[in-house]
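Biologist: Could you walk me through this one? I'd like to take it a piece at a time.

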Protein chains: 2
Amino acid sequence: MKEFLAITKALSDEGRVRILLALRGGELCVCQLIELLALAPSTVSRHMAILRQAGLVELRKEGRWAYYRLAGEEAPPMVRRALDWVVESVGRNARAQEDRRRLKEILRIDKEELCKLLKEG
Amino acid sequence: MKEFLAITKALSDEGRVRILLALRGGELCVCQLIELLALAPSTVSRHMAILRQAGLVELRKEGRWAYYRLAGEEAPPMVRRALDWVVESVGRNARAQEDRRRLKEILRIDKEELCKLLKEG
DNA sequence: TCTACAATTCGCCATACATCGAAATGTAAT
DNA sequence: ATTACATTTCGATGTATGGCGAATTGTAGA
């Protein structure tokens with residue numbers, strides 16, 4: 001029950017749901033999610049910790065960068081079904097499509113460049 | 001997205017999840033849920049309002065009594081899948097089984113009798 | 001009409017959570 | 001070694017949420 005509630009709580013924030021949907025296209029760097037959601041780095045980092053604690057996303061660290069991806073096939077059925085449910089329920093949402101569009105643009109920018117831009121404003 | 005978040009928020013409280021699982025056996029009166037969860041009537045009523053707003057349960061009023069049941073087949077797929085997910089994830093939980101046992105006993109008591117007992121404490 | 005009563009709504013309190021900026025962490029480059 | 005920098009952790013603040021008791025609502029019976 002605790003694990004289940006960790007998932008439902010993780011899913012009960014719009015920003016975190018948007019993150020999960022954005023990760024459908026493959027792993028993303030934290031700075032890319034910061035740009036997408038327009039939130040403070042500390043806030044996004046906290047969101048990722050919550051998603052990770054719930055088992056919904058996995059982390060890969062490479063140098064200074066942190067890449068997050070959706071939980072894989074080996075994840076517990078409870079988690080897999082949660083992710084499927086999210087995608088089927090809000091994957092075609094207006095907000096989700098807008099994010100998809102913006103994400104394409106964000107991915108065009110080099111990561112290093114993107115981080116610089118974030119600092120300036 | 002708003003409807004989806006209404007569901008995830010509704011599901012992110014243990015008491016409300018227990019209520020949904022208890023309703024698997026068919027509709028229940030509010031006083032029966034009060035007894036099962038050992039919460040104040042006002043609290044249970046609020047929980048039911050949240051579940052109803054999310055579309056997860058339906059209400060039937062009969063005289064002074066209010067009966068709640070799980071959303072039916074005609075409910076949106078998002079809701080149906082949520083309920084299926086809940087049942088499959090925590091339906092066999094220890095807490096859920098204990099509730100099932102206690103619910104059997106509660107259902108043996110006449111509703112009028114049960115309400116009287118609740119007043120006394 | 002008046003009373004009893006199941007359920008709901010309201011007002012209040014304590015706790016949990018989202019957010020931010022500042023400080024800390026750890027890695028890469030100079 | 002030192003600096004630069006992506007990310008995380010920490011501390012503070014405002015808002016949301018769960019809980020209760022009191023007051024309200026609406027229905028059934030006296």
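**The hairpin and the DNA surfaces**

Modeller: Bear in mind that this is a predicted model. In chain B, strand β2 (residues 57-62) and strand β3 (residues 65-70) run antiparallel to each other and pair over 6 bridges.

Biologist: What stands opposite E58(B) in β3(B)?

Modeller: That position is taken by R69(B). The two strands, β2(B) and β3(B), make a hairpin with 2 residues between them, and G63(B) in the turn has a positive phi of about 60 degrees.

Biologist: Where is A38(A), and what is its phi like?

Modeller: A38(A) sits in the loop that links α3 and α4 of chain A, and it has a positive phi of about 60 degrees although it is not a glycine. Most residues other than glycine have a negative phi.

Biologist: Is A38(A) buried or exposed?

Modeller: A38(A) is exposed, its relative accessible area being 64%. In chain B, A38(B) likewise lies in the loop between α3 (30-37) and α4, with a positive phi of about 60 degrees, and A38(B) is exposed at a relative accessible area of 65%.

Biologist: Switching topic, how are chain B and chain A related?

Modeller: Chain B superposes on chain A through a rotation of 179 degrees with 0.0 Å of shift along the axis, at an RMSD of 0.1 Å. The two copies are thus related as by a two-fold rotation axis. In chain B, the C-alpha that comes nearest to that axis belongs to T8(B), at 2.8 Å.

Biologist: Which surface do the copies meet through?

Modeller: They meet through the same surface, because 100% of the interface residues of chain B are also interface residues in chain A.

Biologist: Now the DNA. Which residues come nearest to strand D?

Modeller: There are 23 residues around DNA strand D, and the nearest of them are C29(A), Y68(A), R16(B), T43(B) and H47(B). On the DNA side, sugar and phosphate make up 73% of the strand D atoms that come within 4 Å of the protein.

Biologist: What lies by the phosphate oxygens of DNA strand D?

Modeller: A polar side-chain atom of Y68(A) is 2.6 Å from a phosphate oxygen of strand D, and for a polar side-chain atom of H47(B) the distance to a phosphate oxygen of that strand is 2.5 Å. From the backbone, an N or O atom of V30(A) lies 3.5 Å from a phosphate oxygen of strand D.

Biologist: Which element gives the most residues to that surface?

Modeller: That is α4(B), which contributes 4 residues to the surface near DNA strand D. By class, this surface holds 11 nonpolar, 6 polar and 6 charged residues.

Biologist: And how many residues surround DNA strand C?

Modeller: DNA strand C is surrounded by 24 residues, with R16(A), T43(A), H47(A), C29(B) and Y68(B) the closest. Sugar and phosphate account for 74% of the strand C atoms within 4 Å of the protein.

Biologist: Which side chains come up to a phosphate oxygen of DNA strand C?

Modeller: Among them are T43(A), with a side-chain N or O atom 2.7 Å from a phosphate oxygen of strand C, and Y68(B), with a polar side-chain atom 2.5 Å from a phosphate oxygen of strand C. A polar backbone atom of A66(B) is 3.4 Å from a phosphate oxygen of that strand.

Biologist: Which element gives the most there?

Modeller: For the surface near DNA strand C, α4(A) gives the most, with 5 residues. The residues of that surface divide into 11 nonpolar, 6 polar and 7 charged.

Conventions: Residues are numbered from 1 along each chain as its sequence is written. Chains are lettered from A and ligands numbered from 1 in the order in which they are written. This is a predicted model: local features need pLDDT of at least 70, side-chain atom pairs count only at pLDDT 80 or more; totals for chains, interfaces and linings use all residues. Side-chain values use heavy atoms; hydrogens and water are left out. A residue is near a molecule or strand if one of its heavy atoms lies within 4 Å of it. A polar contact is a pair of N or O atoms within 3.5 Å; within protein, one must be able to donate a hydrogen and the other to accept it, and residues adjacent in sequence count only if both atoms are side-chain atoms. Ala, Val, Leu, Ile, Met, Phe, Trp, Tyr, Cys and Pro count as nonpolar, Asp, Glu, Lys and Arg as charged, and the others, Gly among them, as polar. Copies are superposed by least squares on the C-alpha atoms of residues with pLDDT of at least 70 in both. Contact means heavy atoms within 4.5 Å. Two strands pair if DSSP finds at least two bridges between them. Buried means under 20% relative accessible area, exposed over 50%, partly exposed in between (1.4 Å probe, protein chains only).
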